[in-house]
Structures are given as structure tokens and as C-alpha cells.
Amino acid sequence: MNTLYTCPMHPEVLKNEPGDCPKCGMALELAKISNEESANPEYINMRNRFILSLVLTIPLLIIVMGDMFPSKPISVFIGSEYKGLLEFILATPICTYAAFPFYTKFIASIKTGHLNMFTLIGLGVSVAYGYSLVALFLPDIFPSTFRLENGEVGLYFEAAGTIVTLILLGQVLELRARSQTGEAIKSLLDLSAQKATLVVNNNEEKLIDIDKVKVGDFLRVKPGEKVPLDGRISEGNSRINESMITGEAIPVSKSVNDKLIGATLNTTGSFIMQVEKIGKDTMLSRIIEMVSAAQRSRAPIQKLADSVSGYFVPIVIFISILTFIVWSIFGPEPSMAYALINAVAVLIIACPCALGLATPMSIMVATGRGAKMGVLFKNAQAIESLEKVNIFVIDKTGTITEGKPRLHSIITDKDEDRFLSIAASLERGREHPLALAVMNEAKNRKLELRPSQDFVSITGKGVQANFLNKLYLLGNDTLMQERNISTENFKATADVLKMQANTVIYLAEENELIGILAVNDPIKESAASAIKGLQDDGAKVVMLTGDSQDTANAVASVLNLDEVVAQVLPEQKADKVREYQEKGYVVAMAGDGINDAPALALADVGIAMGTGTDIAMQSADVTLIKGDLSAILRAKDLSRASMKNIKQNLFFAFIYNILGVPIAAGVLFPFFGILLSPIFAAAAMSFSSVSVITNALRLKGVKI
């Protein structure tokens with residue numbers, strides 16, 4: 001498999017080998033982070049160049065600044081004729097070897113037509129160094145407008161050298177800070193088990209590498225060990241710490257047939273598990289892939305920075321040229337020297353790196369922070385959109401409720417066990433939570449389940465099948481009404497059960513109702529506080545369910561929901577989402593089942609429960625790993641904090657350039673006699689990029 005490299009500012013750029021981004025010139029980095037410790041070659045390269053540059057820049061500055069004293073001690077000590085030559089010797093390694101990456105990226109930007117920060121750096125450094133080189137060895141070619149009061153032509157080796165040193169410092173700090181955005185993924189990768197204990201047919205156990213395990217293998221997991229991969233317990237029981245997935249520190253009891261998630265921690269008992277998922281199909285791998293993809297995606301707000309950056313560099317070059325012309329005509333003597341140095345200052349201070357990094361850095365940190373909180377964002381757009389959501393449409397079963405219904409009661413004039421056996425046989429093979437509740441009760445009673453014929457699933461209503469040579473219908477009251485089957489004999493009892501938040505299932509034999517089953521699905525403990533939190537935040541909360549109106553109303557009364565929409569079919573859920581959007585709402589849809597997938601995909605933000613189906617998670621923009629509604633509040637808080645952080649970054653970047661460019665051009669000189677040295681321009685430019693990244697990293701510690 002090829003290793004892919006991408007650009008943090010332009011994630012659409014993908015290459016099979018390391019190099020530079022053809023658009024912005026930044027060093028490409030691994031698209032997928034590995035938990036193997038490896039030094040960043042770009043960081044080492046820039047650090048080594050910076051160290052060399054710093055070692056040479058310090059004496060270079062001492063030589064130049066020493067002559068600022070009235071006695072000019074440096075010129076007296078080494079002679080004025082050798083001072084310039086010494087500056088050249090010190091500055092040349094800096095402006096050639098140390099600055100070489102800037103020149104190659106500068107040339108590449110000209111060739112590709114993608115002008116960027118390295119276009120400005122390359123121009124600025126080469127002009128300052130090249131001018132000083134000519135001034136040192138061919139001073140006689142310069143007219144008086146270039147000469148200082150003593151008749152000499154000014155040298156700017158120290159400016160060129162210091163610019164390179166400061167920009168290298170900025171690059172080193174930036175590369176180090178950028179590496180921190182991948183810490184969340186690295187910490188997830190570190191959770192995975194590296195070895196597993198394979199149990200073979202004769203109960204012999206042997207330790208093997210995790211990548212040698214196959215689906216269907218049986219593994220022994222001992223106390224204190226990590227669960228190697230996703231699967232189910234086949235023998236034994238234990239308590240599993242699932243905090244790495246759910247955030248819940250209290251271990252969960254697990255017994256035969258219970259699901260296990262790879263990388264969780266076995267705390268007490270020893271058990272044997274059967275592997276169901278390996279490699280990229282495991283929950284941990286999917287989490288890592290979602291976080292990686294989200295970090296590489298682009299938020300809509302990034303378009304603003306992109307459009308500005310597209311025009312910015314040409315405008316800066318024009319301003320630099322204009323600055324040179326104005327100063328050369330109207331500036332004080334030596335006017336050409338002033339013109340040159342101010343034009344270079346404009347080029348250096350205006351590098352748009354901070355503008356390009358403002359959004360990607362915040363998105364990378366936010367998605368990593370979300371993963372640690374049990375919230376997975378599919379892309380950057382989900383982070384931006386969630387902040388704007390003002391109505392949450394929430395499915396009932398498995399989202400508001402636990403999704404683990406239990407058979408509450410059976411009402412029939414027939415033999416109860418036979419009645420249940422028929423119902424369970426009809427539900428056999430279905431994955432719907434209500435069907436599982438009926439089958440689990442039949443299993444607990446050790447009833448025999450027989451196959452049915454001519455089975456037909458009626459979406460959103462129930463099932464029809466032939467069983468023991470009779471036609472049976474099992475489903476909700478809508479199905480009974482459509483088939484003209486009277487429910488009058490059981491209506492009073494059914495109404496009472498519905499008002500107690502039970503879901504009522506009707507069973508008809510040869511078009512005659514023979515009884516009902518009441519299934520109860522407890523409301524999640526966190527549901528009430530989560531819904532109140534969303535309402536307190538100004539959002540409307542609507543429950544959308546295929547259940548009966550009475551059952552839905554019973555649940556809604558407990559939770560104080562703003563609106564209840566009951567007895568909706570799967571396709572009608574998407575219609576309801578569209579209806580709210582047409583009314584001007586920004587809609588978030590939360591669900592966990594296959595029937596929720598169309599609505600999740602249509603909503604402005606689809607939110608899937610991590611405890612639900614794979615299709616729901618694939619259709620959604622946000623996945624709550626634990627399936628806990630309170631995570632929606634955390635996700636919205638993180639979205640709000642992220643967008644605030646991005647706006648701060650964009651503000652810093654825009655203001656910095658809006659104020660910095662005119663000052664570098666010399667607009668304050670006529671009024672206050674203030675000029676901005678290219679050295680300070682370089683320091684300010686590097687500081688702006690580092691400050692944007694540092695501000696983005698603050699998201700790691702923001703209280704959610």
C-alpha cells in the first residue's frame with residue numbers, strides 16, 4: 001500500500017512521496033498518522049538550518065550594531081574595509097545554504113503560478129542579499145541617491161541573514177506545533193493490542209501477532225489484558241473497562257454472547273472470545289479513520305481565507321513595487337536605500353501563512369479533542385454547521401430509549417406460551433429491537449421456534465407469514481386497520497399500556513385479532529438532562545418515531561419535548577426533516593437505525609448513535625460513540641468553541657496584514673518618523689503564524 005502525504009492547508013493535495021505542496025509550498029505530512037515513533041525529516045532539516053543560521057547571525061548582528069555607537073568600535077577594531085567583507089562571510093551561508101528551501105519553493109511558486117508566502121520570502125531575502133552583494137563589490141555603480149552621509153553604499157547583509165533566521169525559527173516552531181495536532185490519533189493508536197492469545201482446537205493456547213488473527217478465531221483474554229479485537233464472549237464472563245470508547249470509567253459486566261470492543265480493558269475474569277472484526281473494520285480503526293478524514297477536510301469558512309489568499313500575494317508584490325517607487329521619488333536621502341529596505345519589509349511582513357493556517361489548525365485540534373470525548377466528526381463542515389443548529393429531530397428507539405426493549409406483558413385468550421411461540425417464530429431473523437425483545441422472552445421460556453412460509457416484511461408496520469397452515473399478521477395498529485382487522489376487544493388494555501410508554505404489538509390469526517404483546521424500552525438515564533440542556537441552549541427538540549401516538553406522548557411527557565411526531569414511516573422521517581428545513585430551521589437529526597439513514601443524510605447535521613447500525617453511522621456527519629444524548633451537548637459546545645477559535649485566528653491574520661503592510665510601507669514615517677525594519681517584519685511574520693497555531697492548540701484545554 002502506498003503511503004500518502006498531504007498538505008495541512010490544502011488537504012486535496014495527495015502525493016505518494018514527501019515533498020512540498022504545489023499550491024502553498026508547505027512541507028507535506030503523512031495523511032495517516034502512525035503510532036511508530038519517527039522523527040519528522042522536515043522538522044530536523046529546518047532545525048539544523050536554523051541552528052547554523054543562529055550561530056552566524058549573532059556575530060553578524062554584533063558587528064553591525066557595534067558600529068551604532070559614536071566611536072564605531074567595530075570599524076576601529078577590524079577596519080571599515082574588512083567590516084563589510086566579514087558581514088558577507090557570515091551572511092552568505094545563511095542566505096544560501098540555510099535559506100535554500102525558501103528559494104526552491106519560491107521558484108516552484110513562479111513555475112506553477114501559485115504565488116504564496118515563499119514567493120514573498122524568496123523575493124525579500126534575495127533582493128536584500130543581492131543588493132548588499134553588489135554594493136560591497138561594485139559600489140561605484142551606485143548614484144548618490146543610494147549613498148549614506150559618509151558616501152558609502154549601505155549594506156543589508158544583517159537584515160537578509162536575520163530575516164532568514166527568524167523565518168526558520170518560525171518554521172521550526174510551526175512544525176513542532178503542527179505535530180501536536182496528531183496527538184489524539186497517536187493516543188488512539190497506542191490503545192490497540194499488539195498480541196493475542198489464540199485458542200486452538202485442543203484448547204492449546206499460543207501468543208501471536210494481532211495481524212495474524214482471522215475472523216472466527218477464538219482468543220483467550222486474561223485479567224489486566226486488552227481485548228484484542230471486536231467480537232463476542234463465547235465462554236466465561238468478566239467486567240470490561242470501556243472508558244476509551246464510552247468515557248465511562250465504571251467497568252461493564254459482560255457474559256456469553258455479549259459484544260466486545262477491541263482495545264477495551266479486561267479488569268477481572270478470564271474468558272474466551274470469538275473474533276468478528278479485524279483490521280480496518282474494528283471500532284477503533286473506524287474511529288481513527290473518521291478522525292483522520294475529518295482533520296483533512298475543509299470547513300466552508302475556509303473559502304473566505306482561500307479567496308483572500310488567492311489575490312493577496314499579487315497585491316502585496318504590487319504594494320512592494322509601489323512602495324519602492326514612492327520612496328525613491330519622494331523619500332529623504334538616500335531615497336533609493338529607503339525605497340529598497342521598505343519594499344523588502346512589505347514583502348516579508350505580508351506572508352499569508354497565518355491566514356492559510358487559521359482554519360485547518362483549529363479543525364485538526366477540534367476533531368482530536370472530539371474523539372477523546374466520544375464525539376466523532378465526519379468532516380469540518382459538521383463542526384461548523386452544528387453550532388448553527390436550532391432544531392434537533394430525535395428518533396425514539398435506541399436514541400432516546402436504550403434500544404434494548406423487554407417484553408412487558410402478553411394479553412391473550414389463548415395459551416400464553418403458544419401465543420408467544422407464534423409471535424417469536426414470525427419475528428425470527430429480524431434485527432428490529434422489538435422483534436429481539438419478543439424472541440429473547442421466547443428463548444428465556446425455552447419455547448420452540450418453527451420456520452414460517454411466505455414471509456413478508458411490511459416496512460414500518462410489521463410482518464405477514466404463513467405458520468402451521470394459517471395466515472398471521474404481526475405488527476402495529478396501522479397494519480391492523482389497513483387489513484380491516486378489529487382491535488376493539490383489546491383497545492382499552494392497549495390504551496393503558498401505551499400511556500405507560502409501552503409499544504403494543506398486535507397478533508392476528510386468519511384476520512382475527514388473538515392478542516397483544518406490550519414491549520417496554522426504558523428511557524436512557526441521560527436523555528432528560530440532555531434534552532433540557534439543548535432547550536436551555538435555545539434549540540427546539542422534536543421526537544420522531546414510528547411508534548403509536550399514545551406511546552410517543554407518554555415518553556414525551558416524561559421528557560418535556562417541544563413536539564412529537566408519531567406513526568411515521570422511514571421515508572416520512574426524511575420528509576419531516578425537509579419540512580423543517582423549508583421552514584427555515586437548521587436541522588440536526590439523531591438516530592441509530594437503518595430506517596433513520598435517509599433522514600440522517602438529508603439533515604444539515606446527521607447524528608448517529610455509535611451503538612446503532614453501520615449504515616446509520618455512514619450516513620451521519622457526527623457519531624456519538626457511546627450512544628449517549630448528553631454527548632450532543634458536548635459536541636455542540638465543541639463546535640461553538642471551535643468556530644470561536646477559527647474566527648479569532650482569522651481576525652488575528654487579517655488584522656495583522658491590514659496593519660502590518662501599511663506600517664512596513666512607511667505610512668507612519670511622515671507623521672512620527674517610524675519605519676519598520678525588515679528584521680522586525682520577519683519577526684512579526686513568524687510570530688503571526690506561531691500565534692495562530694498556539695491559539696488553535698488552546699482548544700485542547702477549553703472547558704466543554
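Reader: How many helices and strands does the protein have?
Author: The model is predicted, so to speak of local features requires pLDDT of at least 70, side-chain atom pairs count only at pLDDT 80 or more, and totals for chains, interfaces and linings use all residues. Residues are numbered from 1 along each chain as its sequence is written, and side-chain values use heavy atoms, leaving out hydrogens and water. Helices (H or I, at least four residues) and strands (E, at least two) are DSSP runs numbered from the N terminus. On that basis, the protein has 26 helices and 25 strands.Reader: In what order do the six strands of the open sheet stand?
Author: Strands pair if DSSP finds at least two bridges between them. In this sheet the pairing is antiparallel, and the edge strands, β5 (205–209) and β10 (259–260), each pair on one side only. The order is β5-β4-β6-β12-β7-β10.

Reader: Which residue in β5 stands opposite Thr-197?
Author: Strand β4 covers residues 195–199 and runs antiparallel to β5, joined to that strand by five bridges. Opposite Thr-197 in β5 stands Leu-207.

Reader: Is α4 parallel or oblique to α5?
Author: Helix α4 (residues 100–112) packs against helix α5 (residues 117–137) with axes 8 Å apart and an angle of about 120°. Angles under 35 degrees count as roughly parallel, over 145 as roughly antiparallel, 65 to 115 as roughly perpendicular and the rest as oblique. The angle therefore makes α4, relative to α5, oblique.

Reader: What share of the 704 residues is buried?
Author: Buried means under 20% relative accessible area, exposed over 50% and partly exposed in between, with a 1.4 Å probe and protein chains only. By that criterion, the buried share of the 704 residues is 52%.

How values were computed:
Axes fitted to C-alpha atoms, helices over the stretch in contact; angles between N-to-C directions.
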